[in-house]
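This briefing looks at a protein structure through two topics, its salt bridges and its nonpolar cores. Please keep the sequence and the model in view while reading.

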Amino acid sequence: MKSILKGVQQCRVYALPLLFLSGGAFGASTDTASESSTFPIWGDEARARGYSIPLPFGVNLSYMNMRQNVDVESIALTGLSFAGRPIPDDLFNIGVGDTRERSETENLRLDMWVFPFLNFYGILGHTKGSSVSQISVDADPSQYGRFDPNRIIAQAVHAGYESGALQDLDFTLKFEGTTYGAGMTLAGGYENWFALLDTNYTQTSFDILDGKISALTVSPRVGYRFELPGVSGPSHLSLWVGTMYQDVEQEFKGNLSDLGLPAALNSVVENGRFDVKQHLSSPWNMLVGAQYEITKNFNVLTEFGFNERNSFFIAGEYRF
């Protein structure tokens, strides 16, 4: 392997879904057989055969900004009341249109190359963001008897829908929480070409809402490493392209009174709760990235995502 690349996570979410470049990297490598250590296993043999492998341990600090579309599976409202009388949970028919999610994530990643071709890592970070859905609210008065008080409420809601007052409403959810997870990277190369496959699983537990974001991310990449002069000797610049698959499930729960709804609804939503389930509109997007080895121990990298998911990622890493 003339070069070994870092993998990628996502952890935003972005959330949730979110990216983390996995251990080891395109740069920082041991170049002589005299630099032996317990890890990576078979590292001395690889160096003796002329391969350039990364230093075994890494500490990575990163920031990621992500924008993506999500599909809302359901919005359930419970605990509503009017004039002290409970409102049936199924009275409202909620239609959901376009939903756009934004998130920012700062992460700390610790990794270790167990073998020259296999890296394991753990992730701990902080994620915050919001999702905005365009919703409409309607009701069917015909499902209630003529003298049923719920019929009056349903008629008022339906009239509001017909007039357009209850259409194209912004349903905004703000979330913030702790992200944690683990992953692994398989890497290899030929001369200055490299390839990797990164897989990881993360969860984000919310601080200001109930629920969580769970994400499985798989990221294949291929690229080329250039040899350049550096500030303390030979250096390297790595460029790559790739793609990312994310299987993300999001569930948000909380009190309707925390969403900043119009004051006229306070008496209705005072004890009400919401439960929103959603997933990514498209699991795939394209990636391009670069990493520069400043010194043998320190490198910086950046990556951009586009197509169905737009993202910007930047990180600094120390290897030892």
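A residue is called buried when its relative accessible area is under 20%, exposed when the value is over 50%, and partly exposed in between. With 39% relative accessibility, Asp210 therefore counts as partly exposed. The model is a predicted one, and the points below begin with the charged pairs and then turn to the nonpolar residues.

**Salt bridges**

- The count of salt bridges comes to eight, and the pairs described here are among them.
- Arg273 is the partner of Asp210 in one salt bridge, in which the closest N and O atoms are 2.9 Å apart.
- This pair links distant parts of the chain, since Arg273 belongs to strand β14 (residues 273-280) and Asp210 to strand β12 (residues 210-230), 63 residues apart.
- Like its partner, which is partly exposed at 39%, Arg273 counts as partly exposed, with a relative accessibility of 30%.
- Within helix α1 (residues 43-48), Arg47 and Asp44 lie three residues apart, which is about one turn of the helix, and their side chains meet in a salt bridge with an N to O distance of 2.6 Å.
- Are Arg47 and Asp44 buried or partly exposed? Arg47 has a relative accessible area of 7% and is buried, whereas Asp44, at 33% relative accessibility, counts as partly exposed.
- Another salt bridge joins Arg319 to Glu317, with the closest N and O atoms 3.0 Å apart, and both of these residues are buried.
- Arg319 and Glu317 also belong to a network of salt bridges that links them with Arg109 and Asp111.

**Nonpolar cores**

- The largest nonpolar core consists of 31 residues, and those with the most contacts inside this core are Leu80, Phe252, Phe274 and Val276.
- Several elements each supply at least two residues of this core, including the strands β5 (57-78), β9 (118-138), β10 (169-190) and β13 (233-255), and the helices α2 (149-163) and α3 (266-269).
- Strands β12 and β14, where the salt-bridge partners Asp210 and Arg273 are found, also each supply at least two residues of this core.
- The largest share, four residues, comes from β5.
- Which residues does Val276 touch, leaving aside its neighbours within four places in sequence? Val276 is in contact with Val72, Ser74, Ile75, Phe171, Leu173, Gln250, Glu251 and Phe252.
- Apart from the largest core lies another core of five residues, among them Met66, Leu301, Phe313 and Ala315.

How values were computed: Residues numbered from 1 in each chain as written. Predicted model: local features only at pLDDT ≥ 70, side-chain atom pairs only at ≥ 80, totals over all residues. Heavy atoms only, no water. Salt bridge = Lys/Arg side-chain N within 4 Å of Asp/Glu carboxyl O. Buried < 20%, exposed > 50% of the residue type's maximum accessible area, 1.4 Å probe, protein only. Core = buried A, V, L, I, M, F, W, Y, C linked by side-chain atoms within 4.5 Å. Contact = heavy atoms within 4.5 Å.
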